[in-house]
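User: I'd like to learn how to read the features of this structure, step by step. Could you start with how contacts are called?

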Amino acid sequence: MRIAVLPGDGIGVEVVAEGRKVLERVAEGFGRRFEFTEALVGWAAVDGTGTALPDETARICRESDAIYFGAVGDPARDATLPPRERPEPVALLGLRKGLYANLRPAILNPALVDVCPLRPEIVKDGVDVLIVRELTGGLYYGKPKGPTEHDGVRGAVDTMVYTVPEIERIARVAFEAARKRKKRLCSVDKANILACSQLWREVVTGVAKDYPDVALTHLYVDNAAMQLIRNPGSFDVIVTENTFGDILSDEASMLAGSMGLLPSACLGDGDVTPFYEPIHGSAPDIAGKGIANPIAAILTAAMMLRHSFNLGREADAIESAVDQVLKAGHRTADIVSPGGSRISTSEMGSRITERIAVA
Ligand code: IPM
Ligand code: MG
């Protein structure tokens, strides 16, 4: 099991170190062999090699079975490179190429009900939403893209494009996921205005015929954003296009209590190496202080074990260790209750590591 480890920038470095600690414990406890190869990415790579995704890193990723990624980006340095050469488009979008299905589960841990900004009566039935975000289409990649100038007036253009096969394959991923859960799928679009969304709705409705056991509903994205806050318990699986999924998954992270808790998996079906990352970014404002929450990165490691290596028991052991640590009241700064005490990034990682129950 070859794992490319790409810590990247900001808190990526700190949280990936904790995830690795947990993985090493799993390897030892369950008798598994993970072969880790660290590689440069993001500004860390720009400094050493001049590019955010060096050839060497791309090669290591290609030759690995999974990529375990931290975060990239540093707004303070953005002005030093043209937008197209910055880490977000070069490294992140580069490594995600071909990985069209972005799974972003948002679960409210019962121990964190007091940290969730929603009132307890709104989340009393629990929150367990899986956002299936289309990751390789839409506004992020559509052409034309970039600055424009007509008759001396400057502007800019991004293009939303979707094809039927692109919608069909992500819809299938979402229906399959719903089948393994509560069998409810909500497709989110803006079909009252956008042509892409009208096609989206038509195609998703067509795919639904192959999944008669899954209840499909449709919501406009503005309404979905509102319903997520009003009645989060009504959602099981959400499927949506790239930009809507980006926005709704940040919103959903607050249902869980903090951005620092949400893992994600980027999956394709070709021979592109699957990519696993916490949904949070590099958070330069808190980087290097030892206060970042490593739980998103640690749960991301669990997703990697489950999806890339079929190690369900090991993934369960990690998730259960996280549950126990939260239940015991250990908190990083982002999830601390008023008056509670906080522990550092590495203390949190160590406590979770200690609680991995071995087979
Ligand atoms: C995310 C991030 C990225 C995205 C940015 C950093 C390009 O917000 O993973 O959600 O928009 O996909
Ligand atoms: Mg985002």
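Analyst: Let's begin with the polar contact, which is a pair of N or O atoms within 3.5 Å; within protein, one must be able to donate a hydrogen and the other to accept it, and residues adjacent in sequence count only if both atoms are side-chain atoms. This is a predicted model, where local features need pLDDT of at least 70, side-chain atom pairs count only at pLDDT 80 or more, and totals for chains, interfaces and linings use all residues. Residues are numbered from 1 along each chain as its sequence is written, chains are lettered from A and ligands numbered from 1 in the order in which they are written, and side-chain values use heavy atoms, with hydrogens and water left out.

User: How far is an oxygen atom of ligand 1 from an N or O atom in the side chain of Asp 246?

Analyst: That distance is 2.8 Å. Arg 104 also offers a side-chain N or O atom at 2.8 Å from a ligand 1 oxygen, and for Arg 96 a polar side-chain atom sits 2.7 Å from an oxygen of the ligand. On its own ligand 1 exposes 320 Å², and the protein buries 74% of that (Shrake-Rupley method, 1.4 Å probe; for residues, only the protein chains shown count as cover).

User: Which residues are around ligand 1?

Analyst: A residue counts as near if one of its heavy atoms lies within 4 Å. Here that gives Glu 88, Leu 92, Arg 96, Arg 104, Arg 133, Tyr 140 and Asp 246. By class the shell has 2 nonpolar, no polar and 5 charged residues; Ala, Val, Leu, Ile, Met, Phe, Trp, Tyr, Cys and Pro count as nonpolar, Asp, Glu, Lys and Arg as charged, and the others, Gly among them, as polar. Helix H4 (residues 87-96) gives the most, with 3 residues. Helices (H or I, at least four residues) and strands (E, at least two) are DSSP runs, numbered from the N terminus.

User: Is Tyr 140 buried or exposed?

Analyst: Buried means under 20% relative accessible area, exposed over 50%, and partly exposed in between (1.4 Å probe, protein chains only). Tyr 140 counts as partly exposed because its relative accessibility is 23%. You'll find Tyr 140 in the loop between strand E5 (128-134) and strand E6 (142-150).

User: And how do I read aromatic pairs?

Analyst: A pair of aromatic rings is described by the distance of the centres and the angle of the planes. Rings of Phe, Tyr and Trp (its six-membered ring) pair if their centres lie within 6.5 Å; planes under 30 degrees apart count as stacked, over 60 as edge-to-face and the rest as tilted. The whole structure holds 5 aromatic pairs. In one of them, Phe 34 and Phe 36 are 6.1 Å apart centre to centre with 55° between the planes, a tilted pair. The Phe 34 and Phe 309 rings have centres 6.4 Å apart and planes at 40°, so that pair is tilted. This pair links distant parts of the chain, 275 residues apart: Phe 34 in the loop between helix H1 (11-30) and strand E2 (35-38), Phe 309 in helix H9 (residues 295-309). Phe 34, Phe 36 and Phe 309 form one aromatic cluster.

User: What about backbone oddities?

Analyst: Lys 143 and Pro 144 are joined by a cis peptide bond, with omega about 0°, and Pro 144 belongs to strand E6. Asp 151 is not glycine, but its phi is positive, near 50°. Asp 151 is exposed, at 82% relative accessible area.
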